Amino acid sequence: MPLVHRERHRTSHIGWLRASVLGANDGIVSTASLMVGIAAANTARADVLVAGVAALVAGAMAMAAGEYVSVSSQADTERADLAKERHELDTAKDHELQELADIYIALPLLTVLWMPQRLMVVGVSVTSLFFLTVLGALSARAGGAPIVKAAFRVTAWGAFALAATAGVGMLFGARA
């Protein structure tokens, strides 16, 4: 009787999951950080919103183009490596089997502000951090990873980026 494999592996989702998480994280953090930095410099609310929308569109287009080029380059490299390995298996099978055995033997060794602006800064920050937390949780769920750890990691780095850009906005945005 043949053995039926019933485990559910998520590695087939790694490509789109990585790209989705990277794109969403980049879009939220960069746009929110830009808006917080501009708002912390006492910029008018309408200008902050225009900058945010412009950054969102520009970032989305740049990320889409960059991801397409990146994924295409990765796929080209993977196809070239597969072709090379197939050729080596056809021409030097014993050497390839030894190379594979050496990899598995070595594997265990490798595993050792001011009020209106302040309200805008707080509103953008809280909203962005909420969405980053949701993004971290959803990506962990889709990847079968620990949800709290992933959500915390994404949120903490987003908070760091927001705080840094708010500091820049306050430092350079003072008006005489």
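Trainee: What makes helix H3 and helix H5 stand out in confidence?

Mentor: Mean pLDDT (the predictor's confidence in each residue, from 0 to 100) is lowest in helix H3, residues 93–110, at 75. Helix H5, residues 147–172, has the highest, at 86. This is a predicted model: local features need pLDDT of at least 70, side-chain atom pairs count only at pLDDT 80 or more, and totals for chains, interfaces and linings use all residues. Residues are numbered from 1 along each chain as its sequence is written, and side-chain values use heavy atoms, with hydrogens and water left out.

Trainee: How do you know what pLDDT the protein has on average?

Mentor: The mean is 80, and 84% of the residues score at least 70. Where pLDDT is low, do not read the predicted coordinates in detail.

Trainee: Why is the pattern written with α alone?

Mentor: Helices are DSSP runs of H or I with at least four residues; strands are E runs of at least two, and both are numbered from the N terminus. The protein has 5 helices and 0 strands, so by that definition its pattern reads α-α-α-α-α.

Trainee: How do you know that the span of helix H2 agrees with its residue count?

Mentor: The expected span is 1.5 Å times one less than the number of residues. For the 47 residues of H2, 45–91, that gives 69 Å; the end C-alpha atoms lie 67 Å apart, which agrees.

Trainee: What makes a residue of H2 count as buried, and which ones do?

Mentor: Buried means under 20% relative accessible area with a 1.4 Å probe, protein chains only. In H2, Val 48, Ala 51, Gly 52, Ala 55 and Glu 67 are buried. Across the protein, 24% of the 176 residues are.

Trainee: Why is one group called the largest nonpolar core?

Mentor: A core joins buried Ala, Val, Leu, Ile, Met, Phe, Trp, Tyr and Cys residues through side-chain atoms within 4.5 Å. The largest has 11 residues, including Val 48, Ala 32, Met 35, Val 124 and Leu 162. H1, H4 and H5 each give two or more residues. H1 gives the largest share, 5. Another core, of 5 residues, lies apart; Leu 132 and Val 154 are among them.

Trainee: What makes Asn 42 notable?

Mentor: Its phi is near 65°, a positive value in a residue other than glycine. Most such residues have a negative phi. Asn 42 sits in the loop between H1 and H2.

Methods
Buried means under 20% relative accessible area, exposed over 50%, partly exposed in between (1.4 Å probe, protein chains only).
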